[in-house]
Amino acid sequence: MSKVKYYYDSETLSYQKIEKKKGRRLKIFALSLLGMFLSGFLLLLVYINLPAVQTPKELALQRELHNMELQFELLNKKMNQAQAVLAEVEERDNNLYRVYFESNPIPEEQRKAGFGGINRYKDLEGFDNSKLIINTTRSLDILTKQIVVQSKSLDEIAKLAEEKEKLLAAIPAIQPVKNEDLTRMASGFGYRTDPFTKARKFHYGMDFTAPRGTPIYATGDGKVIRADNNATGYGNHVVIDHGYGYESLYGHLYKYNVRPGQKVQRGDIVGFVGSTGRSEAPHCHYEVSKDGERINPINFYYGSLTAEEFSEVLKKSQEENQSLD
C-alpha cells in the first residue's frame, strides 16, 4: 500500500493531501525508457570504436599473414630481377649467337606462348590476397616458360657451335708449303702457258716451288681418300675429303706420308715435294674443290699468312706466267 503524502498550505494553515496525477507516471516511464535507449546506443558506439580484443592465436595468424605478404613482395622483386637478366640473355641469343651461327631468331610470341585463353588461376580467386598470389604465380609461370625456351635455344646454339668448330677446322685454311720453305710461288689459278705445249690453258690450282723432300701439310682436318699415282698428270698425289663439300689435292709428291682412309688434322704432313707425273720441276700442285667444282685456293690462306704476306701471294698468283705442270 503506497504511502499518502501531504503538503503544508500556508493560506489555510493546514496540511493538504497530495493527489497523484496519472500523466506524471507515464512521463517518468517514457523518460526512463529514453534514457536506457540512449545509454545503450552510446555503449554500442564505444564498442564499435574500441579495438577488437584478439586472442594469442589470432595475433600469431595475423603476424604470419603479414610475413607471407612480405615474402611474396620479395619474391616478385627477385623474379623481376631474374626476368631482366633473362631478357639480356634473350637479346644476345637472338642478335649475337644466332646471327653468328646463321640461325633464325626465336620470335617473342614463341618465347611467351601458352599463357592466353582459359583462366588457369581460377582456384586462387576469392581470398583476401588473391590478386597478389595470382600475379606472383603468373609471373613465375612466364619466367619458367622463358627459361625452358632459352635453355633449349642454348642447347641448339651449343650444337651449332660444335658444328661450326668442326667446319672451321675442316675448311682448307693454310698453305700446303710453308713460306720459309718456298723457293717461289710459281703459278696461280687461271689461264697460264703450258710448259710442254706452250699453249694457253686453264690452270686449276696453285704451284708452290720448293726443294725436293720439302714437307707438304694438310690444309684442313679430313680423311685421306686417295694416295696414289693413278690420275693422269698429277703423279704421286694425295686427296683429302674435308667434309662439307670440300676436298684438297696435293700433286707431284716425291713420296707419301699418309695412306687412304687415314684421318688427318690441319698441319699434319701428308707427303713431300717432288716432280712426279707431268711436272717440269720440283713443286707442289695444290687444288681446292667445293661440291665437285675446283675453286681458287688463294681464298683459303687466312690461317697462315699475315695481311702483307697474303697481298704478296695474291699479286704473284695473278701473274699470267708459265705453270710447272
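**Entry 1: Phe202 and its ring partner**

I looked up the exposure of Phe202 in this predicted model. Phe202 has a relative accessibility of 28% and therefore counts as partly exposed, since the class of buried residues ends at 20%. I then asked what the value is for Phe189. Phe189 has a relative accessible area of 19%, so I entered this residue as buried.

I next examined the rings themselves. The structure holds four aromatic pairs. One of them joins Phe189 and Phe202 in an edge-to-face arrangement, with 5.1 Å from centre to centre and 85° between the planes. I noted that this pair links distant parts of the chain: Phe189 belongs to the loop between strand E3 (184–187) and strand E4 (190–193), while Phe202 belongs to strand E5 (residues 200–203), 13 residues apart. I also recorded a cluster, in which ring pairs link Phe189, Phe202 and Tyr204.

**Entry 2: Tyr250 and Tyr286**

I turned to a further aromatic pair, formed by Tyr250 and Tyr286. Its geometry is tilted, with the centres 5.4 Å apart and an angle of 40° between the planes. Tyr250 is in strand E10 (residues 246–251) and Tyr286 is in strand E14 (residues 283–290), so the pair ties together parts 36 residues apart in sequence. Are these two tyrosines buried or exposed? I found both Tyr250 and Tyr286 to be buried.

**Entry 3: strand E14 and its partners**

I followed E14 further. Seven of the eight residues of E14 are buried, and the strand is mostly covered. I then asked which strands pair with E14.

- I found E6 (residues 206–209) joined to E14 by four bridges, the two running antiparallel. Here Thr209 stands opposite His283 of E14.
- I found E10 joined to E14 by six bridges, also antiparallel. Ser248 has Val288 in E14 as its bridge partner.
- I found E15 (residues 293–295) paired with E14 in the antiparallel sense over three bridges. Val288 stands opposite Ile295 in E15.

From these listings I noted that Val288 is the bridge partner of Ser248 and also stands opposite Ile295. I inspected the hairpin of E14 and E15 as well. Two residues lie between its strands, and Asp291 takes a positive phi near 55°.

**Entry 4: Ser289**

I chose Ser289, in strand E14, for a closer look. Its relative accessible area is 14%, and Ser289 is buried because this value falls under 20%. Which residues does Ser289 contact, leaving aside neighbours within four places in sequence? I recorded Gly245, Tyr246, Glu247 and Arg294.

**Entry 5: charges over rings**

I checked lysines placed over aromatic rings. The charged end of Lys290 sits over the ring of Tyr246, at 5.1 Å from its centre. Tyr246 is also one of the residues in contact with Ser289. Elsewhere, I found Lys255 over the face of Phe272, 5.6 Å from the ring centre.

**Entry 6: the protein overall**

I closed with the totals. The protein has five helices and 15 strands. Of its 325 residues, 32% are buried. I looked up the contacts between residues at least 6 apart in sequence and found that 64% of them join residues at least 24 apart. The accessible surface of the protein comes to about 21,500 Å², and carbon and sulfur atoms account for 56% of this.

Note on methods: Residues numbered from 1 in each chain as written. Predicted model: local features only at pLDDT ≥ 70, side-chain atom pairs only at ≥ 80, totals over all residues. Heavy atoms only, no water. Phe/Tyr/Trp six-rings, centres within 6.5 Å; stacked < 30°, edge-to-face > 60°. Buried < 20%, exposed > 50% of the residue type's maximum accessible area, 1.4 Å probe, protein only. Lys NZ or Arg CZ within 6 Å of the ring centre and 35° of its normal. Contact = heavy atoms within 4.5 Å. Areas by Shrake-Rupley, 256 points an atom, 1.4 Å probe, with all protein chains shown as cover. Pairing = 2+ DSSP bridges.
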